[in-house]
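Student: I have a structure open and I'm new to it. Can we walk through it together?
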Amino acid sequence: MTGRPLVSIARCAGYAPDAVTEAVREALAPLGGMSALVSPGQTVLLKVNLLSRAAPERAVTTHPEVVRAVIREVVTAGGVPTVGDSPGGPNTPALAARVFEASGIGAVCAAEGVRLTLFDEDVVRVQNPDGALFGAFTIGRAVAEADVVIDLPKLKTHGFMMYTGAVKNLFGCIPGLEKAQYHMKVPAREDFAEMLLDLMLACRPAAAIMDAVVAMEGKGPAGGTPRQVGAVMASTDLVALDVIASAMIGLDPSEVYTNRAAAARGLGPAHARDVETVGADWCELAPRGFALPARDVSAGMPAWLRDHLRRAATARPFLARAADCTRCGSCLRDCPVDAIEVGEGGPSFDHAKCIRCYCCQELCPPQAIDLKTPVLARIVSPRRGRA
């Protein structure tokens, strides 16, 4: 061992149950196996990604076979697993049940005899004395009271944060529409990243096991394209896992806001070379030409200039597919700054009020909303991907 944080990578070509089970075990083995994380009798919260109502093949949510394999490993170690999340937008038990059903995770939990919990139904305020921006959070009680929290993210691009993985997945521990309030409290991407790191400290996950079998490229986290990567990845260091996963898809890890903020705070490594990897070679698994979000061209500029340019140089939402719009009002409800009106022709956007959080695009059920990249951003940051 080198003293560097460890990320374990197992090849997994598809979601056949036996292949996923073997890959999860293989990824966990260098960490000491599940028994190194879970002791007999402990309650274990598996925090999945259940962003929105989507079938597994769309690569929006953690694949149910990965969830099944981890459940079984927890049970074998003697733990008592619960699976949970709070999908984006307003949640009722009925609406959440549709998300659980569409993802396939509801059926897996029923088959395995495991409770599937919606965090919105029972929340608690937890203190966070080590937070940089937030000294407390309201999160699902199941997260706060679990003996062990294991994060099960999906590898995806993200229009707002560039990438979503282990750290960003914990945002679902915050209930329902309260998530939108954080976009209003910390609209700048740099501050939002600090908030996510504070949340990581409050949720205290023991490890993350990432579904990178089929990732999402392009307009993630909900409207992108599934892309084969072929890996299950695991680490007890969430930032280290994100550094390797983001490098794997062709991002400079420092472009990922949570990675950069974590390195500055001493909460994780800054570069892939600062991480020890075992198992499959991530460079060999790295997909070529992985479609990445447009870079925020104002990043790195002095604050006075960045604030002036950000609205002009960052993508803005628009109704791209009017025929698909059902005028359900989801975008209106999910906007934290009331920058959207919905009429007979669908949503219209007040771009002067818009804070570029992209909640509307992320949570639009038919994916009728897209992002329009300004000319300046296209010139400075053209479509990128690993060559």
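Tutor: Start just after helix α10, at G266. Keep in mind that this is a predicted model.

Student: OK, what phi does G266 take?

Tutor: A positive one, about 75°.

Student: And the helix before it, where does α10 run, and which of its residues are buried?

Tutor: Helix α10 covers residues 257-265. Y257, T258, N259, A261 and A262 are buried.

Student: What do the buried residues of α10 pack against?

Tutor: One strand and three helices. The strand is β9 (162-164). The helices are α6 (166-169), α8 (189-203) and α9 (238-248).

Student: Where is the place of S254?

Tutor: In the loop between α9 and α10.

Student: Is S254 buried, exposed or partly exposed?

Tutor: Partly exposed. Its relative accessible area is 29%. Buried would need under 20%, and exposed over 50%.

Student: How far apart are S254 and A270?

Tutor: In sequence, 16 residues. In space, 6.9 Å from C-alpha to C-alpha.

Student: Change of topic. Which residues touch the most other members in the largest nonpolar core?

Tutor: I9, F137, I139, F192, M195 and M233. That core has 66 residues.

Student: Take I9. What does I9 touch?

Tutor: Leaving out residues up to four places away in sequence, I9 touches A231, V232, M233, I244, V278, G279, A280, W282 and L285. Apart from the largest core lies another one, of 43 residues. A10, V24, V108 and I150 are among them.

Student: Now the whole chain. How many helices and strands?

Tutor: There are 15 helices and 16 strands.

Student: How compact is the chain, and why say so?

Tutor: As compact as a globular protein of that length, because the radius of gyration is 20 Å and the globule rule gives 21 Å for 387 residues. The C-alpha atoms fill a box of roughly 55 × 45 × 40 Å along the principal axes.

Student: How much of the chain is buried?

Tutor: Buried residues make up 58% of the 387. The chain exposes about 14800 Å². Carbon and sulfur atoms supply 53% of that area.

Student: What share of the contacts links residues 24 or more positions apart?

Tutor: 75%, counting contacts with a separation of 6 or more.

Student: Last one. How many positive and negative side chains?

Tutor: The chain has 40 positive and 41 negative. The centres of the two sets lie 6 Å apart.

Notes
Residues are numbered from 1 along each chain as its sequence is written. This is a predicted model: local features need pLDDT of at least 70, side-chain atom pairs count only at pLDDT 80 or more; totals for chains, interfaces and linings use all residues. Side-chain values use heavy atoms; hydrogens and water are left out. A nonpolar core is a set of buried Ala, Val, Leu, Ile, Met, Phe, Trp, Tyr and Cys residues joined through side-chain atoms within 4.5 Å. Buried means under 20% relative accessible area, exposed over 50%, partly exposed in between (1.4 Å probe, protein chains only). Contact means heavy atoms within 4.5 Å. Helices (H or I, at least four residues) and strands (E, at least two) are DSSP runs, numbered from the N terminus. The radius of gyration is taken over C-alpha atoms; the globule rule is 2.2 Å times the number of residues to the power 0.38. Accessible areas come from the Shrake-Rupley method with a 1.4 Å probe; for residues, only the protein chains shown count as cover. Lys and Arg count as positive and Asp and Glu as negative; His and the chain ends are not counted. The place of a charge is taken as NZ of Lys, CZ of Arg, CG of Asp or CD of Glu.
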